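Student: I am new to this structure and would like to look at its empty spaces and its helix packing. Could we go through them together?
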Amino acid sequence: MLPSQLQQLRAKVRRMLSVVIPTLNAEKSLTRVLAALIRPTVRGLIKDVVIVDGGSTDGTERIAETSGAKFVSAPKGRGTQLAAGAQAARGEWLLFLHADTVLQPGWEEEVETLLERLEKRGEKGLDFAAVFKFALDDFSFWARMLEGIVSWRCWLFGLPYGDQGLLVSRRLYDKLGGYRPLQIMEDVDFVRRIGRRRLVFLRAPAVTSPERYLNDGYIARSSRNALCLMLYYLGVNPDRIARIYARR
């Protein structure tokens, strides 16, 4: 491809991306998450950042407004909040990101390269989605073990979770009906509808806070997550699964 053609192609994909972040009392982690989205090398790619809040009582709204993000209120529940954020976003591509997951330097280059390649496919390129590599902000053996398990789960079953982020075209998002108003398993529900063949696994890591694993214990929390996933596949109502997930 000629340099002039490459520049034209890059111009098409610039500022196509909306980032949607559901929050609930997320002041401890939100600043770092947003810092990865407002660096000079990233600004040309992102059209807007939408913070969808489920009723925070801490400084979440102040942090969002200071960063220049759009702040939207929605009923509590990650599925409901993600759907509201998608509706408020303006980009042609949507990046759904948890409020305790920080994208690492260089993520924007990989995303931009992917969008450029998909742009070459025309409308067919809009029928793909992508996720980042799961990582935890913890140096322990258990963190590395869990990262390995997640890697195998993604490779064997094509089943990433929401803490890996999800990049999806608005066309595909709308085509599949978007996020459903689920209290839990909203990420698994949507990824299953996307399907493994339409998923791209990026190399760039999305580093998630280990706080919940440290508080509950890696084995206990991982076991509860696996139980909830099994119940979901057995057809148990997500509201009931949410109650099980919330137990300590």
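Tutor: We begin with a definition: Ala, Val, Leu, Ile, Met, Phe, Trp, Tyr, Cys and Pro count as nonpolar, Asp, Glu, Lys and Arg as charged, and the others, Gly among them, as polar. Please note also that this is a predicted model.

Student: How does the lining of the largest cavity divide by class, then?
Tutor: That lining has eight nonpolar, three polar and two charged residues.

Student: Which residues are the closest to the centre of that cavity?
Tutor: They are Gly 162, Gly 165, Leu 166, Tyr 179 and Asp 187, out of 13 lining residues. The volume of the largest cavity is about 80 Å³.

Student: Which helix gives the most to the lining of the largest cavity?
Tutor: Helix H9, residues 186-194, does so with three residues.

Student: And the largest pocket, what volume does it have?
Tutor: Its volume is about 1400 Å³. The largest pocket is lined by 43 residues, and the closest to its centre are Arg 78, Asp 100, Arg 212, Arg 221 and Tyr 245. By class, the pocket lining has 16 nonpolar, twelve polar and 15 charged residues.

Student: Changing topic, at what angle do H7 and H11 pack?
Tutor: H7 (residues 141-157) and H11 (residues 218-233) pack at about 20 degrees, and their axes are 11 Å apart. The two helices are therefore roughly parallel to each other, since angles under 35 degrees count as such.

Student: Which residues make the contact?
Tutor: H7 contributes Trp 142, Ala 143 and Leu 146, while H11 contributes Tyr 218, Ile 219 and Ser 222. Five of these residues are nonpolar, one is polar and none is charged.

Notes. Residues numbered from 1 in each chain as written. Predicted model: local features only at pLDDT ≥ 70, side-chain atom pairs only at ≥ 80, totals over all residues. Heavy atoms only, no water. Axes fitted to C-alpha atoms, helices over the stretch in contact; angles between N-to-C directions. Helix = DSSP H or I, 4+ residues; strand = E, 2+ residues; numbered from the N terminus. Parallel < 35°, antiparallel > 145°, perpendicular 65-115°, else oblique. Contact = heavy atoms within 4.5 Å. 1 Å grid on protein atoms, 1.4 Å probe; cavity = no way out; pocket = protein on both sides within 12 Å on 5 of 7 lines; lining within 4 Å. Points joined across faces, edges and corners; volume = space filled by probe spheres on them.
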